[in-house]
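Please look through the sequence and the structure below before reading the report that follows.

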Amino acid sequence: MAASAETGFIRFCHNDRCALPYVEAVLRESHRWHPVFPMGVAHAVVDDDIYEGFHIPKGPASHLAMSRNEAQYPNASEFVPERFFKPDGKLNVDATSYIFGFGRRVCAGQHVANAAVWIAIVSCVQIYQSN
Ligand code: HEM
């Protein structure tokens with residue numbers, strides 16, 4: 001984080017990511033609230049299955065079942081970045097990585113995507129400071 005010599009406003013770069021937990025929470029909440037691929041890339045379970053005690057019903061899978069799960073995300077339709085903080089003020093372990101899929105077909109661009117969304121968020125913060 002460095003102040004611009006011309007404007008005096010802070011300029012952010014990717015090295016600042018660890019120092020900006022609220023931006024991280026906004027990034028996670030953006031992914032959760034309105035995933036780019038709300039239904040994921042079309043996948044379906046061909047038969048009912050049980051995996052580690054969880055029943056997986058036959059049929060298509062949807063990220064919205066996870067990102068809008070009220071048990072995990074109370075008031076799931078609301079944009080609340082604070083939900084990603086523990087009571088001690090630190091970020092929790094939920095990085096909402098499920099929006100990128102799972103396993104061998106997981107999104108190959110997830111780190112590029114996260115970096116791009118992160119820099120877009122801090123760019124908005126930077127402009128907001130400037131005004
Ligand atoms: C927020 C932005 C993005 C989201 C939410 C997203 C999400 C996904 C999802 C859900 C899949 C399917 C995973 C599966 O089949 O289970 C996928 C696949 C893929 N994504 Fe992304 N993606 C994003 C951005 C990107 C970007 C920026 C790139 C490239 C730079 C990229 C490259 C790919 C590729 C190559 C695959 C296919 C992987 C494979 O089938 O082996 N994605 N993405």
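In this predicted model, the shell of residues around the ligand divides into twelve nonpolar, three polar and one charged. This shell holds 16 residues, and those that come nearest to the ligand are Gly101, Arg105, Cys107, Gly109 and Ala113.

One of these nearest residues, Cys107, also appears in a database record, since an unreviewed UniProt entry lists Cys107 under "binding site". In the chain, Cys107 lies in the loop that runs between α2 (64–67) and α3 (110–130). When its neighbours within four places in sequence are left aside, Cys107 is in contact with Phe100, Gly101 and Ala113. Gly101 and Ala113 thus have a place in two lists, as contacts of Cys107 and among the residues that come nearest to the ligand. Is Cys107 buried, exposed or partly exposed? Cys107 counts as partly exposed because it has 18 C-beta neighbours inside 10 Å, whereas a buried residue would need 20 or more.

The report now turns to the nonpolar core. Which residues make up the largest nonpolar core of the model? It consists of five residues in all, namely Val23, Val26, Leu27, Trp118 and Val122. The elements that give two or more residues to this core are α1 (21–33) and α3, and α1 gives the most, with three residues. Beyond the residues up to four places away from it in sequence, Val26 of this core touches Pro81 and Ile121.

Another member of the core, Leu27, can be compared in position with Ala95, a residue in the loop between α2 and α3. Although Ala95 and Leu27 are 68 residues apart in sequence, their C-alpha atoms are 9.2 Å apart in space. Ala95 is partly exposed because 15 other C-beta atoms lie within 10 Å.

The backbone angles deserve a separate look. Most residues other than glycine have a negative phi. Two residues of this chain, Glu52 and Asn75, have a positive phi although neither is a glycine, and the table sets out their values.

| Residue | Phi | C-beta neighbours inside 10 Å |
|---|---|---|
| Glu52 | about 45° | 4 neighbours, exposed |
| Asn75 | about 50° | 9 neighbours, exposed |

Glu52 lies in the loop between β4 (49–51) and β5 (54–56), while Asn75 is found in the loop between α2 and α3. Both count as exposed because Glu52 has 4 C-beta neighbours inside 10 Å and Asn75 has 9, and a residue with 12 or fewer is exposed. From C-alpha to C-alpha, Glu52 and Pro87 are 30 Å apart in space, with their positions 35 residues apart in sequence counted as the separation.

Finally, how confident is the predictor in this chain? The chain averages a pLDDT of 88, and 90% of the residues score at least 70. Among the elements of the chain, α1 has the highest mean pLDDT, 96, and strand β1 (residues 2–3) has the lowest, 68. The helix α1, with that highest mean, is also the element that gives the most residues to the largest nonpolar core.

Notes
Residues are numbered from 1 along each chain as its sequence is written. This is a predicted model: local features need pLDDT of at least 70, side-chain atom pairs count only at pLDDT 80 or more; totals for chains, interfaces and linings use all residues. UniProt positions are given in the numbering used here, feature names are shortened, and annotations may be inferred rather than shown by experiment. Helices (H or I, at least four residues) and strands (E, at least two) are DSSP runs, numbered from the N terminus. Two residues are in contact if their C-beta atoms, placed from the backbone, lie within 7 Å. A nonpolar core is a set of buried Ala, Val, Leu, Ile, Met, Phe, Trp, Tyr and Cys residues joined through C-beta atoms within 7 Å. A residue is near a molecule or strand if its C-beta atom, placed from the backbone, lies within 6 Å of it. Ala, Val, Leu, Ile, Met, Phe, Trp, Tyr, Cys and Pro count as nonpolar, Asp, Glu, Lys and Arg as charged, and the others, Gly among them, as polar. pLDDT is the predictor's confidence in each residue, from 0 to 100.
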